[in-house]
Amino acid sequence: MSKVAIVTGASRGIGAVIAQRLARDGFAVAVNYASSAYEAEALVSQIMAAGGQAIAVKANVANSSEVRALFDATEQQLGKVDVLVNNAGIMKPAPIAETSDELYDQIFAINTRGTFNTLREAATRLNDGGRVINFSSSALGLKLPGYALYNASKAAVESMTHVFAKELRGRQITVNAVAPGPVATELFLTGKSEEQILHFAKLPPLERLGQPEDIAGVVAFLAGPDGGWVNGQTLRANGGIV
Ligand code: NAP
């Protein structure tokens with residue numbers, strides 16, 4: 001029987017490549033999405049065509065009953081969950097002075113509560129020996145203007161990561177966070193000029209943007225046998241930007 005992984009926000013970007021990578025590594029993968037059904041179903045077909053096992057499951061991670069249903073559907077169709085990758089997230093940079101109540105709520109609902117919702121399910125439903133991989137950001141280290149709320153929402157994720165690792169004592173479950181630097185996805189590229197993109201690409205000493213594959217490799221390491229002794233950590237993967 002294959003081990004089972006849930007990847008939240010896997011219809012595109014980093015999550016989609018993580019889902020493909022984990023399927024290649026032998027996991028049966030639940031491809032979660034909130035609205036991009038077509039992309040999620042297309043990814044599932046791609047994974048199946050390559051000999052892997054996957055299902056698409058719609059759930060807004062900000063909604064606790066939808067998250068419960070995501071775990072229910074995964075258990076029913078693939079089996080009990082071994083790996084949870086909390087990749088779903090949004091980034092809408094804005095100076096504090098220009099941030100509406102609605103934007104504040106949306107960022108924290110998806111990035112922070114979304115992670116909390118899946119962690120709470122995972123606490124009772126993950127197989128012993130499992131892995132939890134949360135998503136923070138190297139933006140926390142860069143401290144750029146406009147990123148106060150995004151960084152705050154991800155700082156909360158890092159805090160939950162470190163405490164949750166200890167709460168799962170005795171279960172042989174590791175809990176870590178990955179903190180990517182700029183990665184060439186819709187989330188990063190949207191709203192930026194060519195010049196701004198080039199500026200970010202030149203920041204790390206490796207002088208390029210990250211690609212989703214760079215991050216999927218780190219997630220695969222943490223989810224696989226070689227990552228078993230890493231626990232309660234935030235792992236920055238950013239080409240040396242910070
Ligand atoms: P992306 O290309 O915008 O993709 C985001 C994914 O999340 C989509 O599949 C989207 O699916 C899904 N999603 C959004 N809201 C959701 C919700 N409420 N419930 C379930 N799924 C939801 O973003 P990305 O760049 O791949 O980012 C992935 C993660 O990496 C995020 O946590 C982000 O903060 C983090 N990160 C990214 C970068 C970067 O530079 N790209 C850097 C550091 C950290 P739908 O369209 O179906 O909503």
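This tour moves through a predicted model, beginning at the ligand and going on to the pockets and a cavity.

**The ligand and its polar contacts**

Select the ligand first and display the residues around it: 31 residues surround the ligand, and the closest are Ser 11, Ser 35, Ser 36, Tyr 150 and Thr 185. With that shell on screen, turn to Ser 36, where a polar side-chain atom lies 2.5 Å from an oxygen atom of the ligand. Then show the backbone of Ile 14, which places an N or O atom 2.8 Å from an oxygen atom of the ligand, and the backbone of Gly 9, which has a polar atom 3.2 Å from an oxygen atom of the ligand. If you add a surface here, bear in mind that the ligand taken alone exposes 900 Å², and that the protein buries 95% of that.

**The shell by element and by class**

Next, colour the shell by secondary structure. Helix H1 (13-24), strand E2 (28-33), H6 and helix H7 (186-189) each supply at least two residues of the shell around the ligand, and H7 gives the most, with three residues. Recolouring the shell by residue class gives another view, in which 15 residues are nonpolar, 13 are polar and three are charged.

**The largest pocket**

Which pocket holds the ligand? The ligand sits in the largest pocket, so labelled by volume in the next step of the tour. Hide the ligand and keep the surrounding protein, and about 1,100 Å³ of space lies in this largest pocket. The lining comprises 46 residues, and those nearest the centre of the largest pocket are Gly 89, Ile 90, Met 91, Thr 185 and Leu 187. The elements that give two or more residues to this lining are H1, E2, helix H5 (139-142), H6, H7 and helix H8 (194-202). By class, the lining of the largest pocket has 23 nonpolar, 18 polar and five charged residues.

**The second largest pocket**

Now select Gln 172, Ile 173, Thr 174, Trp 229 and Asn 231, and centre the view on them. The second largest pocket has about 320 Å³ of space, and of the 13 residues that line the second largest pocket, these five are the closest to its centre. The lining of the second largest pocket divides into four nonpolar, five polar and four charged residues.

**The cavity**

The last stop is a cavity, and the count comes to one cavity of 30 Å³ or more. The volume of the largest cavity is about 40 Å³. To find the largest cavity, select its lining, which consists of Lys 92, Pro 93, Ala 94, Thr 99, Leu 103, Ile 107, Gly 146, Tyr 147, Ala 148, Leu 149 and Tyr 150. Showing the helices as ribbons helps here, since helix H4 (101-125) and helix H6 (148-167) each supply at least two residues of this lining, with the largest share, three residues, coming from H6. As for class, the lining of the largest cavity has eight nonpolar, two polar and one charged residue.

Before leaving, keep Tyr 150 selected: Tyr 150 is among the residues that line the largest cavity, and Tyr 150 is also one of the residues closest to the ligand.

Notes:
Residues numbered from 1 in each chain as written. Predicted model: local features only at pLDDT ≥ 70, side-chain atom pairs only at ≥ 80, totals over all residues. Heavy atoms only, no water. 1 Å grid on protein atoms, 1.4 Å probe; cavity = no way out; pocket = protein on both sides within 12 Å on 5 of 7 lines; lining within 4 Å. Points joined across faces, edges and corners; volume = space filled by probe spheres on them. Helix = DSSP H or I, 4+ residues; strand = E, 2+ residues; numbered from the N terminus. Nonpolar A, V, L, I, M, F, W, Y, C, P; charged D, E, K, R; others polar. Near = heavy atom within 4 Å. Polar contact = N/O pair within 3.5 Å; in protein donor to acceptor, adjacent residues only side chain to side chain. Areas by Shrake-Rupley, 256 points an atom, 1.4 Å probe, with all protein chains shown as cover. Sits in = over half its atoms within 2 Å of the grid points.
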